[in-house]
Amino acid sequence: MAVLIRGVDLEVSPAGKANDQIASTLRSAGATTVLAVRVNGEDAILAVGLVDHERFDLDAFGRDTEVVTVADVAPLVDRGSRAGDTVVDVGGVQIGGSGFTVIAGPCAVESSDMISRIAWAVRAEGASVLRGGAFKPRTSPYSFQGMGSDGLQILSEIRATTGLPVVSEVVDARDVEALVDHVDMLQVGARNAQNYSLLTELGRSDVPVLLKRGFGSTIDEWLGSAEYILVEGNENVVLCERGIRSFDPSLRFTLDLAAVALVKQRSHLPVVVDPSHATGAPNLIAPMTLAALAAGADGVIIDVHPDPATAKCDGAQAILPEQFRSLMAELRPVATAMRRWIAAPTLSTIA
Ligand code: PEP
Ligand code: MN
């Protein structure tokens, strides 16, 4: 069993030694393993350890200490580890809380002209974050792999002109530094969902991370991946359900909306849904967006392309700007009924 101890009432000095001191107190109280220790100012000391409850001596900590039992696999991701929901700030746009964030754009950046057309179109309809991959993890090494650093340059320019924050995929830990100069959020794709060295690297930065669920990952495995980022100190994580592989070939993947409702109960992290990659079917993007909202998701990420037939990547699942417009028109009254407001770019991000 893991316990999370909040408000550890200890004299910690000198400051640099605080973590060691708390860890050793946790051990002397009976913890077999110390998983994480955080000191965020005087009142927010947090320690997580695996303990044998019968032998755990709470008196080793001060009177104001609060001990919560949390999941072993992902204690920092567990809802018990903090009061309330985590809200992640992505270039001035909040994901989580009472908002519902619509992220939209092409699967991949293909040219300055196409991303510009899409960015202005989705912004006009109420998207508040732009998506677009510069590095693409493709099933075949012969498929379009993305525009790479030229794509990042284009994303930077479009971010500056439209004011839309940008999310783009990172496929290699060595690219993190280059990406953070150009985009506001790094996406870890389904194929890298358990690339622990990449997750650890992202944990050492403070960049917001959109962590997709691997299409073969259980919920525990998905939350465990998020824990790799949080344990390094980066709490700016948004989870993304993007479909899992099932026996049925009718759709690209099977959208697991029950996982969204369950993860919202189990974790304080925001959860968004990717109906485009989950279904691969343009006619299902609008109904699955409404269903995601009803299931408690904090947002959606949608593939929109000006000419899906010529798209270099995932054209078969992209919707046209006019289909995105009618999706947003359907979404607004449902959001109101669910008491969620559709997040808009803040004034400071609007160019
Ligand atoms: C994507 O969003 O373009 C993508 C590759 O998604 P996933 O990792 O979910 O397949
Ligand atoms: Mn794609």
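In this predicted model, strand β12 is largely enclosed by the rest of the structure, because 5 of its 5 residues are buried. Burial extends to both faces of β12, with V237, L239 and E241 covered on one side and V238 and C240 covered on the other.

The neighbours of β12 come from both earlier and later parts of the chain. Strand β11 pairs with β12 in the parallel sense over 4 bridges, and within this pairing V209 stands opposite V237 of β12. The path from β11 to β12 leads through α6, and the resulting β-α-β crossover is right-handed. A further position in the register is given by K212, whose bridge partner in β12 is C240. Strand β13, which spans residues 271-273, runs parallel to β12 and is joined to it by 3 bridges. Here C240 stands opposite V272 of β13, and the chain passes from β12 through helix α7 (residues 257-266) to β13 in another β-α-β crossover that is right-handed. C240 therefore has K212 as its bridge partner, as seen from β12, and V272 opposite it in β13.

Strand β11 resembles this picture in its own burial: V209 and L211 point one way, L210 and K212 point the other way, and all of them are buried. β11 is also joined to β10 by 3 bridges, the two strands running parallel, and Q187 stands opposite L210 of β11. β10, α5 and β11 together make a right-handed β-α-β unit. Within α5, the residues L198, L199, T200, L202 and G203 are buried, and the elements that cover the buried residues of α5 include α4 (176-180), β10 (185-188), β11 and α6.

Charged pairs add a second set of links. A search of the whole structure finds 14 salt bridges, and the table lists some of them with the distance between the closest N and O atoms.

| Salt bridge | Closest N and O atoms |
|---|---|
| R204 with E232 | 3.4 Å |
| E241 with R213 | 3.0 Å |
| R340 with D298 | 2.8 Å |

The salt bridge between E241 and R213, with its closest N and O atoms 3.0 Å apart, brings the discussion back to β12. E241 lies in strand β12 and R213 in the loop between β11 and α6, so that this pair ties together parts that are 28 residues apart in sequence. Both E241 and R213 are buried.

The salt bridge between R340 and D298 has its closest N and O atoms 2.8 Å apart. R340 is placed in the loop between α10 (321-337) and β15 (341-342), whereas D298 is placed in the loop between α9 (285-294) and β14 (299-303), so the pair ties together parts that are 42 residues apart in sequence. R340 and D298 are both buried. Shared partners also matter among the salt bridges, since R213, E241 and D256 are joined into one network in this way.

A contrasting setting is found for R204 and E232, which form a salt bridge with the closest N and O atoms 3.4 Å apart. This pair links distant parts of the chain, with R204 in the loop between α5 (196-203) and β11 (209-212) and E232 in the loop between α6 (219-230) and β12 (237-241), 28 residues apart. R204 counts as exposed because its relative accessibility is 57%, while E232, with a relative accessible area of 33%, is partly exposed.

The model also contains a metal site. The manganese ion (ligand 2) is coordinated by C107 through SG, H277 through NE2 and D314 through OD, at 2.0 to 2.2 Å. In sequence, these donor residues of the manganese ion follow the spacing C-x169-H-x36-D. C107 lies in the loop between β7 (99-105) and α2 (112-125), and H277 lies in helix α8 (residues 275-279), so the two ligating residues tie together parts that are 170 residues apart in sequence. C107 and H277 are both buried.

Technical notes:
Residues are numbered from 1 along each chain as its sequence is written. Chains are lettered from A and ligands numbered from 1 in the order in which they are written. This is a predicted model: local features need pLDDT of at least 70, side-chain atom pairs count only at pLDDT 80 or more; totals for chains, interfaces and linings use all residues. Side-chain values use heavy atoms; hydrogens and water are left out. Donors are N, O and S atoms within 2.8 Å of the metal (3.2 Å for Na, K and Ca); water is not among the atoms, so sites may look incomplete. Buried means under 20% relative accessible area, exposed over 50%, partly exposed in between (1.4 Å probe, protein chains only). A salt bridge is a side-chain nitrogen of Lys or Arg within 4 Å of a carboxyl oxygen of Asp or Glu. Contact means heavy atoms within 4.5 Å. Two strands pair if DSSP finds at least two bridges between them. A crossover is right-handed if, with the strands pointing away from the viewer, the path from the first strand over the helix to the second runs clockwise.
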